[in-house]
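Student: I'm new to this structure and would like a close look at one small part of it. Could you start there and then work outwards?

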Amino acid sequence: MSGPQRLTYREACRQAMREAILDDPRVFLMGEDVARYGGCYAVTKGLAEELGEERVRDTPLSESAFVGAGIGAAMDGMRPIVEIMTVNFSLLALDQLVNNAATIPHMSGGQFAVPLVVRMATGAGRQLAAQHSHSLEGWYAHVPGLKIVAPATVEDARFMLKAALADPNPVLIFEHVMLYNMEGTIPDGTASVRLEGAKVRREGGDVSLVTYGGSLFKTLDAAEALAAENIAAEVIDLRSLRPLDMATVLASVAKTHRLVVVDEGWRSGSLSAEIAARVAEEAFFELDAPPARVCSREVPVPYAAHLEQACLPQPDAIAAAARALVRPS
Amino acid sequence: MSARVRLDRRQLLALLKGMKRIRAFEAKCAELYQAQKIRGFLHLYDGEEAVSVGVMQALAPEDAVVATYREHGQALARGIPMNVLMAEMYGVREGCCRGRGGSMHIFDRERRFCGGNAIVGGGLPLAVGLALAARMQGRSGLAACFFGEGAVEEGEFHESLNLAALWRLPVLFVCENNRYAMGMALERAESETDIHAKAAAYRIASEAVDGMDVVAVAAAALRAVEAVRAGEGPRFLECRTYRLRAHSMFDAQAYRPKEEVEAWRGKGPIVRFQKWLDGNGLLHPSDLAAIEAEIDGEIELAVAFAEAGTPEPVEELERFVLMEEVPA
């Protein structure tokens with residue numbers, strides 16, 4: 001690659017898949033409307049024309065069957081990429097993901113691996129209401145045997161897939177729907193990223209803001225607003241939700257002594273709860289204030305724009321939570 | 001009928017032995033369960049042996065097998081050594097899954113035995129994927145998928161049949177219709193009880209066969225496998241059979257009359273086949289004695305192997321939750 005490359009998150013996802021299919025005869029893509037329609041979010045547009053419908057396969061609306069078929073094919077030498085339109089639809093394949101993909105390697109005593117990649121859209125912001133807008137990646141992060149990642153940057157969208165395909169385990173990639181149109185720059189010479197490990201996206205010494213996926217840029221906006229008030233927020237992008245890179249989070253908390261977790265999932269029984277609990281368990285005496293959380297309101301995400309936006313973590317609320325920790329009234 | 005089966009005496013005796021071996025192995029398992037050597041769920045195959053023995057002889061080493069939680073018969077018929085199977089039931093590290101799977105989750109990579117699956121219907125999508133992998137890699141193998149008639153009630157059954165037919169994948173679907181899904185009688189669960197007719201709705205050539213007749217099953221399986229190998233897409237075999245024992249070890253069988261079970265006992269696949277062999281002068285008394293002695297000896301060795309097994313160290317508990325590499 002020569003020179004920094006500017007592209008959208010959607011284009012990054014597409015390039016990643018194109019490269020993977022061209023580079024490895026074991027890789028193929030299947031899912032609903034990935035071929036002739038070009039993907040419900042236009043992520044796979046043009047791939048079937050170029051690569052053929054053997055390697056880019058439209059499936060019937062049978063999430064359980066085509067996810068299970070991906071598992072079976074992965075058990076026997078292939079490296080499938082399965083696309084599920086949204087995380088809400090993935091619930092129709094929950095049996096295959098949780099009862100088969102996550103268990104077979106262990107249950108078989110290590111005789112079979114499931115090197116499967118499942119991509120799906122997650123999150124709200126497009127006024128798609130309660131059956132297309134939820135953030136359930138935290139549920140999947142509960143399950144041993146799965147790896148869960150959430151690329152939040154164009155660079156991660158471009159290169160996490162390659163790392164996921166190289167992993168011998170089932171990897172679920174969650175792409176936030178509000179990121180697809182986002183443009184970003186891939187630094188000159190970048191050809192790979194790690195699948196795991198959090199990244200500090202902005203350094204600061206006053207408060208740690210831990211987030212992932214679609215909330216990253218809202219959190220960076222909040223950090224920018226806080227900077228105007230002379231509060232230096234450190235922003236951590238988890239990138240991987242399972243396993244969690246707690247070392248990076250704990251190192252940040254050791255520096256800032258304050259933690260805000262920002263998670264578009266609901267608060268109760270959530271990933272944000274897990275992170276707050278682990279920080280409390282492992283770094284309680286580093287904390288100068290109780291951990292705080294900014295999560296989605298506990299309602300099914302509604303259609304009306306103002307109601308939908310009121311559900312979600314917003315920069316103002318994130319900044320307010322951080323401010324309350326740094327400058328308690 | 002494209003493939004006419006001609007079985008010589010040796011092959012017929014092998015079918016008899018295959019069934020008797022499963023029956024005797026499981027009788028020992030039930031005994032060991034009472035002795036608390038085997039725990040958890042134990043689902044016995046008593047009465048259904050003709051299905052796995054009949055189908056398995058039609059398969060080749062390159063074929064993949066997906067089975068259910070009632071899979072001791074498939075496992076033994078596929079050639080998984082009895083000792084590692086017994087050791088798995090004992091939950092020791094010498095077991096085929098190092099004690100992680102138990103009776104319901106037998107896997108054997110070498111024999112392409114891709115699991116006993118304990119979610120009813122959960123194995124069907126896997127079989128579709130195994131067949132897809134074979135096709136995409138240009139291999140000749142097919143995927144044989146065993147499931148009970150209860151699986152027909154699940155959406156995964158319908159999704160999988162459709163996908164396999166749509167993509168003309170080399171899958172042999174084998175429905176072991178033993179008439180009861182745990183305690184739920186077929187006619188109480190299905191509006192259409194003719195299961196093989198459902199396959200036809202997906203344009204899959206299907207056949208219903210007397211699952212208590214090992215030769216009929218073997219012949220039907222050979223025909224179906226030949227068609228699948230010829231690239232004709234999936235085939236569907238409904239084997240009509242009967243479970244003579246309880247669903248598992250905790251089942252008072254309140255859902256069926258004792259007389260029904262007794263009547264089926266008389267039509268069991270082993271007693272029936274043995275009588276037929278005998279009547280046709282194909283079974284000499286010395287054959288039977290030799291078969292039974294061999295089986296008894298094998299079971300004795302398997303039990304000794306399992307008894308001598310060692311517990312998987314608890315330090316290894318998390319091993320294989322995540323794999324470090326894909327096994328070659």
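Student: Along strand S8 (residues 183-186) of chain A, which side chains are buried and which are not?

Tutor: Let's take that strand first. A:Gly184 and A:Ile186 point to one face and are buried, while A:Glu183 and A:Thr185 point to the other face and are not, so the side chains alternate along S8(A). "Buried" here means that 20 or more other C-beta atoms lie within 10 Å of a residue's own; exposed means 12 or fewer, partly exposed is in between, and the C-beta atoms are placed from the backbone. Strands (E, at least two residues) and helices (H or I, at least four) are DSSP runs, numbered from the N terminus.

Before going on, keep in mind that this is a predicted model: local features need pLDDT of at least 70 and side-chain atom pairs count only at pLDDT 80 or more, while totals for chains, interfaces and linings use all residues. Residues are numbered from 1 along each chain as its sequence is written, with chains lettered from A and ligands numbered from 1 in the order in which they are written. The pLDDT is the predictor's confidence in each residue, from 0 to 100. For chain B it averages 96, and 99% of the residues score at least 70. As for the complex, the predictor gives it an ipTM of 0.96 and a pTM of 0.97.

Back to our strand and its partner. S8(A) runs antiparallel to strand S1 (residues 5-8) of chain A, and four bridges join the two. Two strands count as paired if DSSP finds at least two bridges between them. Opposite A:Gly184 stands A:Leu7.

Now for a sheet in the same chain. In chain A, seven strands form an open sheet with mixed pairing, in the order S3-S2-S4-S5-S7-S6-S12. Strand S3 (56-58) and strand S12 (240-242) are at its edges; each has a single partner strand, so one side of each is left without a neighbour in the sheet. From one strand to the next, the twist averages 20°. Axes for such angles are lines fitted to C-alpha atoms, for helices over the stretch in contact, and angles run from 0 to 180 degrees between N-to-C directions.

At one edge, S12(A) pairs with strand S6 (residues 147-149) in the antiparallel sense, over two bridges. A:Ile148 has A:Arg242 of S12(A) as its bridge partner. That arginine also takes part in a cis peptide bond, with A:Pro243, where omega is about 0°. A:Pro243 sits in the loop between S12 and H10 of chain A.

Helices lie on this sheet too. Helix H1 (residues 9-23) of chain A lies across strands S2 (27-31), S4 (79-86) and S7 (171-176), running at about 130° to S2(A). Helix H3 (residues 63-75) of chain A also packs on the sheet, where it touches S2, S4 and strand S5 (117-122), and its direction makes about 160° with that of S4(A).

H3(A) comes up again where the chains meet. There, 35 residues of chain A are in contact with 39 residues of chain B; contact means that the C-beta atoms of two residues, placed from the backbone, lie within 7 Å. On the chain A side, the elements giving two or more residues are H3, helix H5 (94-101) and helix H6 (104-107). H3(A) gives the most, with ten residues.

Another helix of chain A is worth a look. The buried residues of H9(A) include A:Leu216, A:Phe217, A:Ala222 and A:Leu226. Helix H13 (315-326) of chain A is one of the elements that the buried residues of H9(A) pack against. After H9(A), in the loop that leads to S11 of chain A, comes A:Asn230. Its phi is near 65°, a positive value in a residue other than glycine. A:Asn230 is exposed, with 9 other C-beta atoms within 10 Å.

Chain B has an open sheet as well: six strands with parallel pairing, in the order S2-S1-S3-S4-S8-S7. Its edges are strand S2 (113-117) and strand S7 (205-210), each with a single partner strand, so one side of each is left without a neighbour in the sheet. Here the twist averages 15° from one strand to the next. Strand S1 (residues 64-68) of chain B pairs with S2(B) in the parallel sense over three bridges, and B:Ala67 stands opposite B:Gly116.
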